[in-house]
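Colleague: I would like to learn how to read a model like this one. Please take me through some features in turn.

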Amino acid sequence: MAGEKGDKTPRRKREPKAPNEQRPDEQPVQAGQPAEPEAPDYNRAPCPVVGVGASAGGLEALQGMFASLPSELNVAFVVVQHRATDRTSVMKSLIEKHTRLAVKDIEDGVRVEPNTIYLAPADKDVSIMHGVLFLVEPPPHSGAHLPIDAFLRTLARDEAERAIAIILSGTGSDGTLGLREIKAAGGMAMVQKEEQAKYDSMPRSAIETGMVDFILPVEKMGEQLAQYMRHPYLEQRKTPEPEEKSEDQLQRIFLLIRNQTGHDFSHYKRNTIRRRIARRLAVHQIEDLDHYIKLLQERTEEVEILAREMLITVTNFFRDREAWDALAEQVIRPLVIEKPPEVPLRVWVAGCATGEEAYTVAILFHEQMARDEKHHLLQIFATDLDEESVNTGRRGLYPKSIAADVSQTRLKRFFIEEGNSYKIKNNIRETIVFAKHNLIKDAPFSKLDLACCRNILIYMDNTLQKKLIPMFHYTLNPGAILFLGESESIGTFADLFAPVDAKHKIFRRKPVEAGYDPEAAELGYHREPDVVREKPRAAKTRHDVAEVAEHVILRDYSLPCVLVDEEFNIVYFNGDTSPYLMQPSGKPTTNIIQMARPEIHFKLNLLLKRAFHEKRLAMEKDIQIRANEHYFETDIVVRPVAEAGADDNLMLVVFKSHLKEKKPESAVAVPLPTEGPGQEKGGRIRELEQELQSSREYLQTTIEELETSNEELKSSNEELQSTNEELQSTNEELDTSREELQSTNEELRTVNSEHQQKIDELSKAYDDLNNLLGATEVATLFLDRDLRIRRFTPAARKIFRLMERDVGRPLDDISTNLQCPDLLTDIRSVLETLTRVDKEIACDSGEWYQMRVIPYRTTENVIEGTVITFVDVSDQKKLLETSKQAAGFAEAIVETVRQPLLILDQSLRVVGVNPAFCRHFRVRPEETLGRRIYELGNNQWDIPELRKLLEDIIPQNTRFDDYQVRADFPQIGERTMLLNARQTVHKGETTGRILLAFEDITGQTQA
């Protein structure tokens, strides 16, 4: 549901408009603004409109329903059916015979009138706006055409609480999504009883939503519809308030619901609550609220129904498509590109209803990761208050009517077709954890990259909105995204979130403290309006430091320099600093003192300490540095970097080498003298004097630091006195850690629940598989890619000497009775070529088996090994051998008989001839075999009567004897032959062969 666990979050509100189109009576809801949408100021239909959906078997249902309607019902009916577009419709004449209402075919632009039935054409979709019917072309996609859903959706947007949906007999699930939206808009839903429907797929799909008000036979629908129409709920344009509906009465209803279900609706917007209650009054034909409260007290099931009415589930895949496109481009794409692969992407879909929105998010992330060829661990937490809706999301099974919202490409890529439904694929399902969760009372999730909370805030008053917006701020990582519905806004909380795309309600978390307390009372968040939060400055990255350094350097120096922190570590280099700094041997370091050359080591240390201590510029000039057999004079300047801000205590160290007119021995870039020991000695003395001066200055600095340390020690007593405050701060940090642990524990409980359900399902599947394997008598082996045994059936023990502990062992370690030395070669061939192998194999014990080796494929079409089956064909083998022996025996008899014989098949072709026939008629066997009997010789056997006798032998199982033929044969002249024919039989069974015997009686006839 759109709410969570006992949450005051109602079900998804009806979708009152096409994407990005706002109804005149809707204004964006802002946190802190409890005002509700005003009544629409545009014209609607002059009467309530009933959308009737039917398909196969719907004609009889329509006739029965309209026959039961009173003539003056003051309602317009729009009938949408699945019909062939290439046939002329006679629906109008068929319905007119069963009703007194006017029946009309819909024309484009016609305004609905009461007591009229409008019939939709087969080749157009129907929409309604301001009470006017429009004919539109069906969507061009190649998916299922869903005209009933298309009309019911527009009817919900246009007529709101005056919309009524009726679903009759039909196949598929068309109408289910439209019925959901009519219910969310405050309308009524009626469905034909499944037992009466000729085809119950459409009624059953609608009933399974749990939103149907009346399930009736068609002959009782008219009476119930008439009672419903008489209620004041439908007599006014604005949702009526029942008589004497006071706040006290509403609180009594809230108390009854909370006591039974745990859901507290006391902070829902009152207009929403009154519309839901008024609709239940109309269903029960009650006009007094006190009577309804009494009904609630007497019938606990009505309390459950009312609670569900306030939490109606209406959501679609890719609802508000432009908003999802904006999210994919502006949020999901940067997340996938910029997030390190080892860091999981965490998303919370609050109020996930039946899961469509959560799966939409998962699909968009998978598409983006595929495009960028990146893989992230995706964790989506989909939560909702209604456990039934959560279970629907867990199953991931949706009607085929989702094809109206999901493209064919995505259906093929992310769904599996199962009967009249689509099921989400495992790779998408496994990224989502569904859980029952109370958005208001339960601990929220944490460290999220994206939170989706769409079409929930519009139902809540100012008090709840003051809690939820800071709560989402608390759950999100810095810079993470909050995605709201198109009629929602952060309102007065602009200091917590910055708009990324205001049109599509995408907001980015600001790095400020929201003051949210997860342990506070349910409605305990109250923000002081006059307190201005101090926005802590985000820590600068190395990239920011580089920009600061480059700015200062380009402006003031453009010289070799480095940027160092308080620990004397270098955070940025500029220019060539190798004459002054170098990496020491051993472990690499960025400490400038350790990297400084010996000539400047003490001076640089002194300058840095002085600059950090006094917070001002320090400089030392004319320091001689030796490099490449030359001396260079260098000025070192250390200055604070004020541009970095007070929090970043950085110093810029600048090295400036320069030329100076001096004596040759001290001039800049002068080669070291090589002539005379005096000059060499003088240079060494100057070096020692310079180092001595540096040591004195360093010692003086050390003394000053020691004095400072003494002063710091004197102040230690004051620091000890502040220990209590620090401990108090530590206690607050521990409280924060406890809250984080509580959120983590909630997530672990959710994951555990999900895993337990999967374990139960796997346990049942394991039991089923064991029973199947035990019941079959086919010996079967399951091997992995390394030819290790994964599983086997009991029948396999007859062929391989297997025990339970052999699972996991290589197949070549197992002894077998098979006479098949190429078994392992055949198995490896199947793994390489993916082509199955079929063989007949004998056993040492005399049995014969038909062996088949096929690849083992997973549901993701990955080859994980092989499956080997052995079917016992010993009986068939014996039968075949017996047949061969019988055939050989028969052939031997035919060969030895001296009388000419032919064997014919069903088409009277010669399939066998004995030597006596060839000798008598002086022909070769090849001149006879394969030819029809009446084609032999000079067609002397082509006698119609003889052909008829031969053709009847096999179909009628007849025979003939002593059929006399006198003919002139090419090789032997004129002869008189006596023919006998019958069908051959083997072990009492006919063989489909004819044995034809010839006897030459020419001599007898002449005698």
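**Reading the model, feature by feature**

Modeller: We can begin where two helices meet: Glu-247, Leu-250, Gln-251, Ile-253 and Phe-254 in α7 touch Arg-270, Ile-273, Arg-274 and Ile-277 in α8. Sorted by class, this contact of α7 with α8 holds five nonpolar, one polar and three charged residues. Keep in mind throughout that the model is predicted.

Colleague: How do the axes of α7 and α8 cross, and at roughly what angle?

Modeller: The axes of helix α7 (residues 247-261) and α8 come within 12 Å and cross at roughly 70°. Angles of 65 to 115 degrees count as roughly perpendicular, and therefore α7 is roughly perpendicular to α8.

Colleague: What should I know about a helix before I look at which residues it turns where?

Modeller: An α-helix has 3.6 residues a turn, so residues three or four places apart point the same way. For this structure, take helix α4 (residues 176-184).

Colleague: How many residues of α4 are buried?

Modeller: Nine of its nine residues are buried, so the helix is mostly covered, given that buried means under 20% relative accessible area. Among them are Leu-177, Leu-179 and Ile-182, but also Arg-180, Glu-181 and Lys-183.

Colleague: What covers the buried residues of α4?

Modeller: The cover includes the helices α3, α5, α8 (270-284) and α10 (300-309), together with the strands β9 (163-167) and β10 (188-192). After α4 comes Gly-186, with a positive phi near 95°.

Colleague: Which residue of α5 can we look at more closely?

Modeller: Ser-201, which is found in helix α5 (residues 201-207). Ser-201 has a relative accessible area of 13% and is therefore buried. Setting aside neighbours within four places in sequence, Ser-201 is in contact with Gly-170, Thr-171, Gly-172 and Asn-420.

Colleague: Now sheets. How do strands hold to one another in general?

Modeller: Strands of a sheet pair through backbone hydrogen bonds, either parallel or antiparallel. In this model, three strands form an open sheet in the order β5-β8-β7, with antiparallel pairing. At its edges stand β5 (110-111) and β7 (125-129); each has a single partner strand, so one side of each is left without a neighbour in the sheet.

Colleague: How many bridges join β5 to β8?

Modeller: Two bridges join β5 to strand β8 (residues 132-136), and these strands run antiparallel. One residue to find is Arg-111, whose bridge partner in β8 is Val-132.

Colleague: Which helix lies across β7 and β8?

Modeller: Helix α3 (residues 147-159) does, running at about 0° to β7.

Colleague: Where can I find a positive phi in a residue other than glycine?

Modeller: One case is Asn-861, with phi near 60°. Asn-861 lies in the loop between β32 (848-857) and β33 (863-872). Ala-353 also has a positive phi, of about 55°, although it is not a glycine. Ala-353 sits in the loop between β12 (345-350) and α12 (356-372).

Colleague: Is Asn-861 buried or exposed, and is Ala-353 buried or exposed?

Modeller: Asn-861 is at 54% relative accessibility and so counts as exposed. Ala-353 is at 0%, so it counts as buried.

Colleague: What is a disulfide, and how many are counted here?

Modeller: A disulfide is a covalent bond between the sulfur atoms of two cysteines. To be counted, a pair of cysteine sulfur atoms must lie within 2.5 Å. By this rule, the count is zero. Cys-452 is in no disulfide, and the nearest cysteine sulfur, that of Cys-453, is 9.1 Å away. Cys-452 is buried, with a relative accessible area of 0%. Cys-820 is also buried, at 14%.

Colleague: What shows how parts far apart in sequence can be placed in space?

Modeller: Take Arg-429, in helix α15 (residues 426-429). Arg-429 and Ala-362 are 67 residues apart in sequence and 8.5 Å apart in space, C-alpha to C-alpha. Arg-429 is at 11% relative accessibility and so counts as buried.

Colleague: And what of the whole chain?

Modeller: The protein chain has 27 helices and 38 strands. Of its 1007 residues, 47% count as buried. Among contacts between residues at least 6 apart in sequence, 64% join residues at least 24 apart.

Technical notes
Residues numbered from 1 in each chain as written. Predicted model: local features only at pLDDT ≥ 70, side-chain atom pairs only at ≥ 80, totals over all residues. Heavy atoms only, no water. Helix = DSSP H or I, 4+ residues; strand = E, 2+ residues; numbered from the N terminus. Buried < 20%, exposed > 50% of the residue type's maximum accessible area, 1.4 Å probe, protein only. Contact = heavy atoms within 4.5 Å. Pairing = 2+ DSSP bridges. Axes fitted to C-alpha atoms, helices over the stretch in contact; angles between N-to-C directions. Parallel < 35°, antiparallel > 145°, perpendicular 65-115°, else oblique. Nonpolar A, V, L, I, M, F, W, Y, C, P; charged D, E, K, R; others polar.
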